[in-house]
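These exercises are to be worked with the sequence and the coordinates open. Each task is followed by a solution in steps.

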Amino acid sequence: MALDAAYTTPDPSLPELLAERPMLRMDPSAGLLMEEVPLARIAAAVGTPTWVYSATTLRSRARALLGALKDAALPAEVHFAVKSNPNLAILSLLAAEGCGADVVSEGELRLARAAGIPGHHIVFSGVGKTEREMRLAIAEDIHQINLESAEEAVMLSALAESLGRRMRVALRVNPDVDAGTHEKITTGKAENKFGVAIEEAPELYARLCRMPGLEVMGLAVHIGSQITGGVRPYVAAYRRLGELVSALRAQGLPVPRVDCGGGLGIAYRDEQPASPAALAGAIHEGLGNLGLQLMIEPGRWLVGPAGMLLSQVVIEKQAPGRRFVILDAAMNDLARPAMYGAWHGILPVSPAAYRAPASPADVVGPVCESSDTFAVARPLPALPPGELVGILDAGAYGASMSSTYNSRPLAAEVLVEGSQWAVIRERQGFEALLAGQRRPDWLAPA
Ligand SMILES: *Cc1c(COP(=O)(O)O)cnc(C)c1O
């Protein structure tokens with residue numbers, strides 16, 4: 001099994017997991033708290049599985065990132081990658097902290113606008129924008145569209161021209177660097193589908209500048225996600241981009257902006273991701289002295305550590321040589337372990353379970369797939385039916401990647417701030433599973 005395969009060190013203990021996550025605390029009587037709210041109280045009120053997010057953590061991460069850019073004297077805007085967590089309350093909170101949005105679909109553009117993010121703080125990325133999506137981006141007069149190919153540029157230019165408009169665009173360049181991350185989330189190598197090869201960029205950029213429907217603003221890059229091997233891949237990518245900016249300007253082409261992408265990793269287990277200050281340093285080194293308007297597009301770094309998936313034990317099952325803890329959360333809720341073999345910390349909520357002796361357990365969901373596995377041989381206490389657990393660092397690519405596979409309605413989402421908490425997305429009802437479905441009348445009536 002791919003799960004946990006990348007790790008050679010022993011799993012962190014429960015106190016170690018807790019010590020690294022300041023928004024969480026184990027109260028001797030109320031159990032695990034997020035900020036000041038007992039997670040057991042949330043489970044009792046809204047049921048499980050439920051996504052729970054810490055507003056204070058979201059705010060402090062947004063401030064840390066914006067602060068690091070400011071300290072490095074970089075004129076850089078932060079566009080939150082909406083795909084990592086598109087909840088309206090979270091978008092609104094981040095917008096209030098000064099973040100714009102990086103969107104990859106019409107749905108995300110509409111959500112960002114609904115959260116009050118103005119068009120001029122929205123960037124549209126993605127390899128397959130439809131004409132309908134381009135039309136909406138033009139109508140909303142967004143900050144820029146990041147183009148991924150010559151073909152797309154031709155399509156957008158013709159559309160904008162037909163509307164009597166010129167659309168601001170950047171050209172996404174593939175710098176051919178290995179971000180050293182999981183193969184399914186690396187995007188900046190030559191063989192990936194994203195952007196145009198850096199060797200082709202000068203000619204294509206000049207061509208874009210001649211297209212009547214485009215106002216060419218600069219370049220964009222995004223080399224991958226969950227980058228944890230230090231800032232070296234960033235430094236390499238931004239140096240190459242800086243050289244390209246200079247080469248284009250030497251040809252007399254305007255390059256006012258560079259979008260530096262996202263990808264900053266987080267510590268799910270014991271990874272050592274680069275700090276925002278180190279990222280700012282890498283941007284400064286490659287692009288700082290070119291008088292550019294800069295932007296970054298972080299998703300995971302902002303929201304990942306701020307969220308957990310709160311779940312209840314359905315049953316513990318003993319098999320020869322194995323203990324299975326079966327949760328009411330599953331791969332349809334949190335897909336990352338099944339999809340990427342991702343490791344997530346798991347903490348019991350009750351103080352008694354937290355202190356009880358641990359033994360290896362496989363933590364699984366009830367979905368009919370062997371990949372519906374959250375952890376293998378994880379040291380955990382006995383977890384009888386009804387015990388609550390928190391699956392940690394689930395704020396990014398958690399709820400946003402959920403499905404209703406196995407006809408399981410989407411889980412509720414809750415936001416905590418200090419001693420307040422609120423449902424920010426209701427649990428989907430079973431009627432939603434039937435909504436919109438029809439039986440054609442040539443089928444025999446049931
Ligand atoms: C997914 C994505 C991001 C965000 O990536 P994170 O790893 O969540 O920071 C940024 N930009 C683009 C173009 C993306 O596709």
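**Exercise 1.** In which loop is the place of Cys-368? Locate the residue, then describe its surroundings and its record entry.

Solution. The model is a predicted one.
Step 1: Cys-368 sits in the loop between β17 and β18.
Step 2: its relative accessible area is 63%, and because exposed means over 50%, Cys-368 is classed as exposed.
Step 3: leaving out residues up to four places away in sequence, Cys-368 touches Tyr-405 and Asn-406.
Step 4: UniProt, in an unreviewed entry, lists Cys-368 under "active site".

**Exercise 2.** Place Glu-369 in the loop between β17 and β18 and work out its environment.

Solution.
Step 1: the strands that bracket the loop of Glu-369 are β17 (359-364) and β18 (373-380).
Step 2: Glu-369 has 35% relative accessibility and therefore counts as partly exposed.
Step 3: apart from neighbours within four places in sequence, Glu-369 is in contact with Met-331 and Tyr-405. Tyr-405 is also touched by Cys-368.
Step 4: the unreviewed UniProt entry gives Glu-369 as "binding site", along with Arg-300, Arg-336, Tyr-340 and Tyr-397. These positions are spread over 98 residues of sequence, and in space they are up to 26.5 Å apart between C-alpha atoms.

**Exercise 3.** Which residues come nearest to the ligand, and which atoms of the ligand and protein pair up?

Solution.
Step 1: there are 15 residues around the ligand, and those that come nearest are Lys-83, Ser-225, Gly-263, Glu-297 and Tyr-397.
Step 2: take the side chains. A ligand oxygen lies 2.3 Å from an N or O atom in the side chain of Ser-225. For Tyr-397, a side-chain N or O atom is 2.5 Å from an oxygen atom of the ligand.
Step 3: take the backbone. A polar backbone atom of Gly-299 is 2.9 Å from an oxygen atom of the ligand.
Step 4: on its own the ligand exposes 390 Å², of which the protein buries 93%.

**Exercise 4.** Compare the settings of Lys-83 and Tyr-397: is each buried or partly exposed?

Solution.
Step 1: Lys-83 lies in the loop between β5 (76-81) and α4 (88-96), whereas Tyr-397 belongs to the loop between β19 and β20.
Step 2: Lys-83 has a relative accessible area of 37% and is partly exposed. Tyr-397, at 11%, counts as buried.
Step 3: with neighbours within four places in sequence set aside, Lys-83 contacts Val-104, Glu-108, Tyr-397 and Ser-400. By the corresponding count, Tyr-397 touches Lys-83, Ser-84, Ser-225, Arg-300, Leu-334 and Arg-336.
Step 4: for Lys-83, the unreviewed UniProt entry has "modified residue: N6-(pyridoxal phosphate)lysine".

**Exercise 5.** How many disulfides does the model contain?

Solution.
Step 1: a pair of cysteine sulfur atoms must be within 2.5 Å to count.
Step 2: the count under this rule is zero.
Step 3: as a check on one cysteine, the cysteine sulfur nearest to that of Cys-209 belongs to Cys-260 and is 19 Å away, and Cys-209 is in no disulfide.
Step 4: Cys-209 is partly exposed, with a relative accessible area of 27%.

**Exercise 6.** Which residues of helix α8 are buried, and what covers them?

Solution.
Step 1: α8 runs over residues 201-209, and its buried residues are Ala-201, Leu-204, Tyr-205, Ala-206 and Leu-208.
Step 2: the cover includes the helices α7 (150-162) and α9 (232-250). Among the strands that contribute are β8 (144-147), β9 (167-174), β10 (196-197) and β11 (214-220).

**Exercise 7.** Examine the backbone at Glu-35, Asp-393 and the bond between Thr-48 and Pro-49.

Solution.
Step 1: as a reference, most residues other than glycine have a negative phi, and most peptide bonds are trans.
Step 2: Glu-35, not a glycine, has a positive phi of about 50 degrees. Glu-35 is in the loop between β2 (31-34) and β3 (37-38) and, at 11% relative accessibility, is buried.
Step 3: Asp-393 has a positive phi near 55 degrees. Its loop runs between β19 (388-391) and β20 (412-417), and with a relative accessible area of 4% Asp-393 is buried.
Step 4: the peptide bond joining Thr-48 and Pro-49 is cis, with omega about -5 degrees. Pro-49 lies in the loop between α2 (39-46) and β4 (50-54).

How values were computed:
Residues are numbered from 1 along each chain as its sequence is written. This is a predicted model: local features need pLDDT of at least 70, side-chain atom pairs count only at pLDDT 80 or more; totals for chains, interfaces and linings use all residues. Side-chain values use heavy atoms; hydrogens and water are left out. Buried means under 20% relative accessible area, exposed over 50%, partly exposed in between (1.4 Å probe, protein chains only). Helices (H or I, at least four residues) and strands (E, at least two) are DSSP runs, numbered from the N terminus. UniProt positions are given in the numbering used here, feature names are shortened, and annotations may be inferred rather than shown by experiment. Contact means heavy atoms within 4.5 Å. A residue is near a molecule or strand if one of its heavy atoms lies within 4 Å of it. A polar contact is a pair of N or O atoms within 3.5 Å; within protein, one must be able to donate a hydrogen and the other to accept it, and residues adjacent in sequence count only if both atoms are side-chain atoms. Accessible areas come from the Shrake-Rupley method with a 1.4 Å probe; for residues, only the protein chains shown count as cover.
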